[in-house]
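Visitor: I'm new here and would love a close look at one part rather than a quick tour. Could you walk me through it slowly?

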Amino acid sequence: MTSSTEPRIDDEEVDDDDVHALTAEQTRDPGAPGLWVYLLVGIAFGIVLTKGEAISWFRIQEMFRFQGFHMYGIFATALPTAIAGVQLLKRRWRRTLGGETIVVPPKHLGSGVRYAVGGTIFGLGWALTGACPGPLFALLGGGVTTMIVAIASAMLGTWTYGRLRHRLPH
Amino acid sequence: MRDILLRPWPWYVAGPLIGLFAPLLLWLGNRMFGVSSNLRHLCSAIAPRGIPYLSYDWRREGGWNLAFVAGIVVGGVLAGLVFRNPEPVAVAASTRASLAALGIHQLGGLVPRELFEWSSLATVRGWIVLVGGGFLVGFGTAYAGGCTSGHGISGVANLEVPSFIALAAFFAGGLLGTFVLLPLVLGIGR
């Protein structure tokens, strides 16, 4: 099948992890926490990212240059904690605070191209800005006001992906 | 007391705490921790333009996550301005030397001022770092379907093969960016 004759891939066919995650039965749960709860959790996350210096351009450079342990230490402790927590919730606890069954929608591998290519493109931007999406927002709050430009540009990048999506290999 | 609030946290404090957010959000409301989706929600809110990828109920799907990201900004204000660490980030001396060789000398704060001040937008290299770098982050995370949080933490925590691939690719791109792209960009106009 050549790409010129390939039909336009619509939203159903392009595998979309975000939307899978988003359209789970979640939003209708009457016991679901209010937005303010997520705001508070976000505040905590912003504080941890900032105080842990994970949002520092210098720390990211130090990591990519293999010159310091700080960021590796963060990943090496964050990942086991996250794995243990999520696996415990899925396999043992099985219920959310509101009593819902815990559902983690699987990601679909497909050809894997989107992860390899998209990931590499993001990595290039990560090295330039020194920030992934979370840190972009934390830095904005922390007084690096030019990050609003990087955020706007990141939105344009996401928008452009949406526009070109049906032509990209996934 | 105030000194404790100002001091940065070591990796063994920050790392485990960062790792708690994926299970915490899952437990609170079956939510998958991931920040880059917010870029999509914001696009969907502002300019969906009939693009299928952006045409959905962003309030319903992304309301919680937009509240979360608003919290990140507030957290940044608290930890980065109110209780700001007055000392420069204590990166390795070798990193300082590497950056000096690239023409980065201002090591105060969390980011180098010569790249992230408003006036730097008038320079080619400042423009490429902020506008170009931001674009790559937004395009790449959307294409990959997640960022350091969504794939790197959440996806890996759920032991997803795609997320391990994505995390490796993030790092490969970062190395390419650090050793090839950044020296080129910072060399402009020097």
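What share of the 170 residues of chain A counts as buried? Please stay with that chain and show me what surrounds it.

Guide: Happy to! In chain A, 51% of the 170 residues count as buried, meaning that 20 or more other C-beta atoms lie within 10 Å of the residue's own (12 or fewer makes it exposed, anything in between partly exposed, and the C-beta atoms are placed from the backbone). Before we zoom in, this is a predicted model, where local features need pLDDT of at least 70 and side-chain atom pairs count only at pLDDT 80 or more, while totals for chains, interfaces and linings use all residues. Residues are numbered from 1 along each chain as its sequence is written, and chains are lettered from A and ligands numbered from 1 in the order in which they are written.

How far can you trust the chain? The score to look at is pLDDT, the predictor's confidence in each residue, from 0 to 100. Its mean for chain A is 87, with 82% of the residues reaching 70 or more. Residues 1-15 of chain A are another matter: pLDDT there is below 50, and the stretch has 13 contacts in the model beyond near neighbours in sequence. By contact I mean two residues whose C-beta atoms, placed from the backbone, lie within 7 Å. Over residues 23-27 of chain A, pLDDT also stays under 50, with eight contacts beyond four places in sequence. Where pLDDT is low, don't read the predicted coordinates in detail.

Now for the fold. Chain A has seven helices and zero strands, where helices (H or I, at least four residues) and strands (E, at least two) are DSSP runs numbered from the N terminus. Take its contacts with a separation of 6 or more: 53% of them are between residues 24 or more positions apart.

A good spot to stop is helix α3 of chain A, residues 57-64. Eight of its eight residues are buried, so the rest of the structure largely encloses this helix. They include Trp57(A), Phe58(A) and Ile60(A), and also Arg59(A) and Glu62(A). What do they pack against? Within chain A it's α4 and α5 (113-129), and chain B joins in with its α5 and α9. Just past the end of α3(A), Phe66(A) takes a positive phi of about 55 degrees.

Helix α4 of chain A also holds Phe75(A), which counts as buried because it has 21 C-beta neighbours inside 10 Å. From Phe75(A) to Ile151(A) is 76 residues in sequence and 24 Å in space, C-alpha to C-alpha.

Ile151(A) leads us to Leu136(A): leaving aside neighbours within four places in sequence, Leu136(A) is in contact with Ala131(A), Met147(A), Ala150(A), Ile151(A) and Ala154(A). Leu136(A), Leu139(A) and Ala22(B) have the most contacts inside the largest nonpolar core, which has 96 residues. A nonpolar core is a set of buried Ala, Val, Leu, Ile, Met, Phe, Trp, Tyr and Cys residues joined through C-beta atoms within 7 Å.

That brings in chain B, which has nine helices and zero strands. The contact between the chains takes 111 residues from chain A and 115 from chain B. On the chain B side, α4(B) gives the most, with 19 residues.

One meeting point is α7(A), residues 147-164, against α3(B), residues 37-46: they pack at an angle of about 80 degrees, with their axes 9 Å apart. Axes are lines fitted to C-alpha atoms, for helices over the stretch in contact, and angles run from 0 to 180 degrees between N-to-C directions. The two helices are therefore roughly perpendicular (65 to 115 degrees; under 35 is roughly parallel, over 145 roughly antiparallel, the rest oblique). Among the residues touching here are Ala154(A), Met155(A) and Trp159(A) on α7(A), and Leu39(B) and Cys43(B) on α3(B).

Finally, chain A helps cover a helix of chain B. Ten of the ten residues of α8(B) are buried, and their cover includes α4 and α6 (133-141) of chain A along with α2, α3, α7 and α9 of chain B.
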